[in-house]
Amino acid sequence: MTSGGLMGFIEQPRRVVRPGADTTTGQRAASGPVTGAGPARTRVGAERLRVRPEQFLGAVRRLDAGLDPAACRGLADWLKEQYATAFGDIPLGFLATCYLGPPYVDHQLDLTHAIVQHFAPADPMPSPFAAARMLVRTGAYAYVEVYDSGLVLPVLPDGTVVRP
């Protein structure tokens, strides 16, 4: 739980990469140094770092529109198939900013069970999604992909994936 903008004991800061920054060479963005250990470090193949198409970005945005359970399952199934085909791996789900309004600040789509859950600032986030929460709260990313290995891949609004 955080208060007054301070991070809790398990939350670690991470650099924020803005559009136009070099996300493929490992160079630091002008936004500041990398601090803290961050989420799990997993070797990331080039296929996972390819730009996400607009259809993916739109699908994740639609999750916040209050879809019924059947539509949510259909969207999750479509995303799983697309990720498997395009990137060779399927994330457990996504974490993104929630625009439903107070008290919610972020939401999670779990592709395994096709569950959309909305979270207030003080609500605990389930693992491994908790590792992505501070990234989502920066407002810099369209969404963050969360993998079962603990890897989190932030996706910029233009679809560019930020190298961990």
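Among the elements of the chain, which has the lowest mean pLDDT, and which the highest? Strand β3 (residues 115–119) has the lowest, at 83, and β5 has the highest, at 96. Here pLDDT is the predictor's confidence in each residue, from 0 to 100. The model is predicted, so local features need pLDDT of at least 70 and side-chain atom pairs count only at pLDDT 80 or more, while totals for chains, interfaces and linings use all residues. Residues are numbered from 1 along each chain as its sequence is written, and side-chain values use heavy atoms, with hydrogens and water left out.

The mean pLDDT of the chain is 77. A value of 70 or more is reached by 72% of the residues. Residues 1–10 stay under 50. For them the model has nine contacts (heavy atoms within 4.5 Å) beyond four places in sequence. Residues 23–42 are also below 50, and this stretch has 31 contacts in the model beyond near neighbours in sequence.

The chain has three helices and five strands. These are DSSP runs, numbered from the N terminus: helices are H or I, at least four residues, and strands are E, at least two. Along the sequence the pattern reads α-α-β-β-β-α-β-β. Of the contacts with a separation of 6 or more, 50% join residues 24 or more positions apart.

The chain has 164 residues, and 41% of them are buried. Buried means under 20% relative accessible area, exposed over 50%, and partly exposed in between (1.4 Å probe, protein chains only). In soluble globular proteins, nonpolar side chains tend to be buried together. A nonpolar core is a set of buried Ala, Val, Leu, Ile, Met, Phe, Trp, Tyr and Cys residues joined through side-chain atoms within 4.5 Å. The largest one holds 24 residues. Within it, L79, Y83, F94, L109 and Y143 touch the most other members. Two or more residues come from each of α1 (54–62), α2 (69–87), β1 (93–97) and β5 (152–155). Helix α2 gives the most, with six. Beyond four places in sequence, the contacts of Y83 include R52, F56, P91, F94 and Y143. A second, separate core has 14 residues, among them F119, V146, V152 and L156.

D110 lies in strand β2 (residues 106–110). D110 is buried yet has no salt bridge, that is, no side-chain nitrogen of Lys or Arg within 4 Å of a carboxyl oxygen of Asp or Glu. The nearest side chain of opposite charge is K80, 7.9 Å away. Lys and Arg count as positive and Asp and Glu as negative; His and the chain ends are not counted. Leaving aside residues up to four places away in sequence, D110 touches L92, G93 and I115.
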